[in-house]
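Let's get to know a new structure by asking about it one piece at a time. Have a look at it first, then follow the conversation below.

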Amino acid sequence: MGCVSNPHFGIVLKGRAAARPYSQSQVSAEIDKQFIYDFHLLSDYLDVLRQTLRIAVVYGGDKQVEGAVIHKTHNPRSWKSYEMVARDIQAALRELGFRHVALLPDDMHLAQRLKDENIHLVWLNSGGVQGYSPVTHTPSTLEMLGIPYVGHNPLNSTILDNKHLFKYELQALGINTAPFITWNASQGMLKPNTNARFKEVFGDYSGPFVVKPVSGRASLLVSVVKRLEDLTNAATDVYRATNNTVVIEMFLPGREFCVAVCGGLICSQGQLTKISGPFAFSPVERSFEPGEEIFTSMDKKAITAERAHLIGDEDTLLRQQLLNLARKIYSGFSLNSIVRADVRADTDGTLYVLEANPKPDLKRPENNVISLVTIGLKEHNMSYNDLIYGMLADRLDYMLTYRTRTIQHIVDLLK
Ligand SMILES: Nc1ncnc2c1ncn2[C@@H]1O[C@H](COP(=O)(O)OP(=O)(O)OP(=O)(O)O)[C@@H](O)[C@H]1O
Ligand SMILES: [Mg+2]
């Protein structure tokens, strides 16, 4: 194998080909195709990629910007650019030594900009621009363009950002979620008393209910409806605002929690480690203020230590339950990137999953404003930059192990 100059590359010969002697040119051709990867090589590869890998952190494009879209249309999900958080991610990647880290909006110029800037990999931090299932549009475009990304694939983005689909799959996996029905104006007016599905799901239960959009954020348009007779109007209001399917579910009156989970290749104090299974962290209780029935999101009220605290060893059972739930979701849905599961208990303390946020807030924590995802990093000796580095490394490790052929342009940077 005298022609193998880089010790990290080699030739894998399989089946009958293994018995055949190879000529020098055949071997060279084979070297181009074959790439040997092992986790222990990742740190060295990342050192090379710090100099050569061109990354773009992508945030939500604004349809109001001239030329952002061809025709402005409706967005059933409340729009937000997430640009500030994208800047935090960009800054972290730069601090980690990556030389080329651009920031781009995901409007209709994205493909051209990715080409012009010769981007090799995207970090997705967008909820989309407009249209139905907007969270799915950018990963779908990147799949079509052949650009790998840190973020959820189009199928998982769709499932995670459509609460009813996520809940049906939770049920299939045997994970508790509040009993629910969906309603859409095309089904005619919602009539709880005669609706067969309503009876089948709720039986004699007559409230309170929670009415919410299938695709939403920041608790917007989420309301508690105490009386059965008020459901029709509440569901109609959500439909009018979103032009999309509405979820009607049983109100869970107990404590509220959330927990984050990502891939099992993590970074602590700059060192990469692989744990068995996904990495679940930051099990948090979100506290309600007197009279508050629905947790008010950070868009309306900053999340401070009074509103959210880490569940530590004082409640080991609850902590383990939440961490296990998060790992079960990550594996059950074959996720490839971070989510934050929101969980609420009923009166007897049984846990129910409300949703898993496909793009949890990754704001760099500062002063007394807490980020629900990063609150628990300290107990793993992890910094914000460690989280970002681990997420990137986890993605690259997965692709270099299982999908080398889909990232040939990155493999070429390592030769
Ligand atoms: N079935 C339910 N029972 C009790 N409370 C609920 C229920 N569904 C939602 N809530 C309350 O409403 C809040 C927002 O609901 P949910 O997480 O489903 O929507 P969201 O708008 O996507 O939220 P966010 O993006 O802020 O996490 C929850 O944090 C919880 O306080
Ligand atoms: Mg939520």
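## Talking through the fold

Student: I'm looking at helix H5. What covers its buried residues?
Tutor: Keep in mind that this is a predicted model. The buried residues of H5 are Pro 134, Val 135, Thr 136, His 137, Thr 138, Pro 139 and Leu 142. Their cover includes strand S1 (54-59), strand S3 (121-125), strand S4 (149-150) and helix H6 (154-160).

Student: How far apart are the end C-alpha atoms of H5?
Tutor: H5 runs over residues 134-145, which makes twelve residues. At 1.5 Å a residue, they should span 16 Å. The model agrees with that, with the end C-alpha atoms 18 Å apart.

Student: Which residue just after H5 has a positive phi?
Tutor: Look just past the end of the helix, where phi comes to about 80°. The residue with that positive phi is Gly 146.

Student: Let's move to H3. What helps cover its buried residues?
Tutor: In H3, the buried residues are Val 85, Ala 86, Asp 88, Ile 89, Gln 90, Ala 92 and Leu 93. Strands take part in covering them, including S1, strand S2 (100-105) and S3. There is also a helix in the cover, and that is H11.

Student: Is Arg 94 buried or partly exposed?
Tutor: Arg 94 lies in helix H3, residues 83-95. A residue needs 20 or more other C-beta atoms within 10 Å to count as buried. Arg 94 has 13 of them, so Arg 94 is partly exposed.

Student: How far is Arg 94 from Asn 385 in space?
Tutor: In sequence, Arg 94 and Asn 385 are 291 residues apart. In space, C-alpha to C-alpha, the separation is 9.8 Å.

Student: Why is H11 described as largely enclosed?
Tutor: H11 covers residues 384-402, and the 19 residues should span 27 Å, which agrees with the 27 Å between its end C-alpha atoms. What settles your question is burial: H11 is largely enclosed by the rest of the structure because the number of its 19 residues that are buried is 14.

Student: Which residues does Arg 364 touch, leaving out those up to four places away in sequence?
Tutor: Arg 364 sits in the loop between S15 and H11. Arg 364 is partly exposed, with 18 other C-beta atoms within 10 Å. One partner is 20 residues away in sequence but 6.4 Å away in space, C-alpha to C-alpha, and that is Tyr 384. The full answer is Asp 88 and Tyr 384.

Student: And Asn 368, is that residue buried or exposed?
Tutor: Asn 368 is also found in the loop between S15 and H11. Not counting residues up to four places away in sequence, Asn 368 touches Thr 304 and Ala 305. With 10 other C-beta atoms within 10 Å, Asn 368 is exposed.

Student: Now the ligand. Which strand gives the most to the shell around ligand 1?
Tutor: Ligand 1 is surrounded by 22 residues, and the closest are Gly 216, Ser 219, Leu 252, Ile 294 and Phe 295. Strand S6 (209-213), strand S8 (246-250), strand S14 (339-345) and strand S15 (351-357) each supply at least two residues of the shell. With three residues, the strand that gives the most is S15.

Student: How many residues of the shell around ligand 1 are charged?
Tutor: The shell divides into three classes. Eleven residues are nonpolar and four are polar, while the number of charged ones is seven.

Student: Which two domains does ligand 1 lie between?
Tutor: The chain is divided into domain 1 (1-36), domain 2 (42-150), domain 3 (179-250) and domain 4 (256-382). Two of these both give residues to the shell, so ligand 1 lies between domain 3 and domain 4.

Student: How far apart are the centres of domain 2 and domain 3?
Tutor: These two domains do make contact, with four residues from domain 2 and nine residues from domain 3. Their centres, taken over C-alpha atoms, are separated by 35 Å.

Student: Last one: what is the radius of gyration of the whole chain?
Tutor: The protein chain has twelve helices and 15 strands. For 415 residues, the globule rule gives 22 Å. The chain's own value is close to that, so the chain is as compact as a globular protein of that length, with a radius of gyration of 24 Å.

Key:
Residues numbered from 1 in each chain as written. Chains lettered and ligands numbered in written order. Predicted model: local features only at pLDDT ≥ 70, side-chain atom pairs only at ≥ 80, totals over all residues. Domains from an automatic or database assignment. Contact = placed C-beta atoms within 7 Å. Helix = DSSP H or I, 4+ residues; strand = E, 2+ residues; numbered from the N terminus. Expected span 1.5 Å × (residues − 1). Buried ≥ 20, exposed ≤ 12 C-beta atoms within 10 Å, placed from the backbone. Near = placed C-beta within 6 Å. Nonpolar A, V, L, I, M, F, W, Y, C, P; charged D, E, K, R; others polar. Rg over C-alpha atoms; globule rule 2.2 N^0.38 Å.
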